[in-house]
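Biologist: Hi, I have a new model open on my screen and would like a tour. Can you walk me through it?

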Amino acid sequence: MLIADDQELVRTGFQMILDAQADMEVVATAANGAEAVEHARRLRPDVCLLDIRMPKLDGLEATRLLAGPGVSEPMRVVIVTTFDLDEYVYGALRAGATGFLLKDSGPTLLIEAIRAAAAGDALVSPSVTVRLLEHLAHPRPNGTRAPSEPLTERELDVVRLVARGRTNQEVAAELFVSLSTVKTHLGSIQAKLGARNRVEIAAWAWESGVVS
């Protein structure tokens with residue numbers, strides 16, 4: 001992992017938590033967004049933890065440079081911030097972040113978010129999820145992109161549950177199917193929507209009116 005935060009105490013605290021995990025290693029830290037982008041491009045960490053308010057380059061712009069729509073090999077970015085503001089949440093996920101956590105979420109949720117991001121999944125702090133979905137529930141004035149081919153009824157069932165924050169295991173349980181079947185459906189859904197992760201699937205679902 002890479003940790004970027006302008007507060008040394010935060011960087012040190014996160015590093016202690018993550019380095020204590022048997023399957024995690026912090027390969028670099030950065031005190032500003034420009035350093036974060038430089039280190040990330042050079043080291044290609046599995047997950048980048050970025051604060052939003054940083055000098056030289058803020059976390060949103062750094063996320064766009066590392067994981068935005070125009071990036072050929074997007075990296076996995078988790079935003080960790082003190083500021084629980086709607087525009088930050090929405091902006092971070094639109095910029096390509098695969099997770100959004102508040103700094104007071106605690107070490108357990110931090111570790112879960114990193115593991116989810118490393119696995120290509122996403123995790124958003126429960127305290128901001130409802131407001132985020134309400135924000136996404138307003139359809140875009142120009143509409144949303146159409147899938148390359150229509151989603152099946154079962155794929156739409158999966159999309160609706162993903163949009164409501166269900167995990168793969170919870171989706172499998174609610175639809176009475178196996179975990180591997182859920183993963184197969186998600187792969188097909190991502191291909192049809194041109195979505196890179198669950199966050200983009202959820203955004204499409206709310207903006208297109210599939211979920212309301």
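Biologist: How many helices and strands does the protein chain have?

Modeller: The chain has ten helices and six strands. Keep in mind that this is a predicted model.

Biologist: Thanks! And what share of the residues counts as buried?

Modeller: Of the 212 residues, 47% count as buried. As for contacts between residues at least 6 apart in sequence, 62% of them join residues at least 24 apart.

Biologist: Let's go to the strands. Which way do E3 and E4 run, parallel or antiparallel?

Modeller: They run parallel, joined by three bridges. Leu-49 is the residue standing opposite Val-78 of E4.

Biologist: And what is E4 joined to besides that?

Modeller: Strand E4, residues 77–81, is also joined to E5 by four bridges, and this pair is parallel too. Here Val-80 has Leu-101 in E5 as its bridge partner.

Biologist: Is E4 buried or exposed?

Modeller: Buried. Five of its five residues are buried, so E4 is largely enclosed by the rest of the structure.

Biologist: Which of its residues point which way?

Modeller: Val-77, Ile-79 and Thr-81 point to one side of E4, while Val-78 and Val-80 point to the other, and all are buried. As a general rule, side chains in a regular strand alternate between the two faces of the sheet.

Biologist: What about the faces of E5, covered or open?

Modeller: Both faces of E5, residues 99–102, are covered. Gly-99 and Leu-101 sit on one side, Phe-100 and Leu-102 on the other, and all of these are buried.

Biologist: Now the core. How many residues are in the largest nonpolar one?

Modeller: It has 25 residues. Those with the most contacts inside it are Leu-2, Ala-4, Cys-48, Leu-50, Leu-66, Val-77 and Ile-79.

Biologist: Which elements supply that core?

Modeller: At least two residues each come from strands E1 (2–4), E2 (28–30), E3 (48–50), E4 and E5, and from helices H2 (33–43), H3 (59–67) and H4 (86–94). The largest share, four residues, is from H3.

Biologist: Pick one for me. What does Ala-4 touch, leaving aside its neighbours within four places in sequence?

Modeller: Ala-4 is in contact with Ala-30, Ala-36, Leu-49, Leu-50, Asp-51 and Met-54.

Biologist: And which residues belong to another core, apart from that one?

Modeller: That other core has 21 residues, including Leu-193, Ile-201, Ala-202 and Val-211.

Biologist: Ile-201 and Ala-202 are in H10, right? What does H10 meet in H7?

Modeller: Yes, they are in H10. From H7, Val-159, Val-162 and Ala-163 meet Arg-198, Ile-201, Ala-202, Trp-204, Ala-205 and Trp-206 of H10. By class, the residues of this contact are eight nonpolar, no polar and one charged.

Biologist: At what angle do these two cross?

Modeller: The axes of H7 (residues 153–163) and H10 (residues 198–208) cross at roughly 100 degrees and come within 8 Å. The two helices are therefore roughly perpendicular to each other.

Biologist: How much of H10 is covered, and what follows it?

Modeller: Ten of the eleven residues of H10 are buried. Among them are Val-199, Glu-200, Ala-203 and Glu-207. Just after H10 comes Gly-209, with a positive phi of about 90 degrees.

Biologist: How does H7 pack with H9?

Modeller: H7 packs with H9 (residues 179–193) at an angle of about 90 degrees, and their axes are 10 Å apart. In this contact, Arg-154, Glu-155, Val-158, Val-159 and Val-162 of H7 meet His-185, Leu-186, Ser-188, Ile-189 and Lys-192 of H9. The residues comprise five nonpolar, two polar and three charged.

Biologist: Lys-192 caught my eye. Is that lysine buried or exposed?

Modeller: Lys-192 is buried, because its relative accessible area is 10% and the cut-off for buried is under 20%. Beyond its neighbours within four places in sequence, Lys-192 is in contact with Pro-147, Ser-148, Glu-149, Pro-150, Leu-151, Thr-152 and Glu-155.

Biologist: Last one: is Glu-8 buried or exposed?

Modeller: Glu-8, in helix H1 (residues 8–19), counts as exposed, at 57% relative accessibility. The C-alpha atoms of Glu-8 and Ala-30 are separated by 9.2 Å, and these residues are 22 apart along the chain.

Conventions. Residues numbered from 1 in each chain as written. Predicted model: local features only at pLDDT ≥ 70, side-chain atom pairs only at ≥ 80, totals over all residues. Heavy atoms only, no water. Buried < 20%, exposed > 50% of the residue type's maximum accessible area, 1.4 Å probe, protein only. Pairing = 2+ DSSP bridges. Core = buried A, V, L, I, M, F, W, Y, C linked by side-chain atoms within 4.5 Å. Contact = heavy atoms within 4.5 Å. Axes fitted to C-alpha atoms, helices over the stretch in contact; angles between N-to-C directions. Parallel < 35°, antiparallel > 145°, perpendicular 65-115°, else oblique. Nonpolar A, V, L, I, M, F, W, Y, C, P; charged D, E, K, R; others polar.
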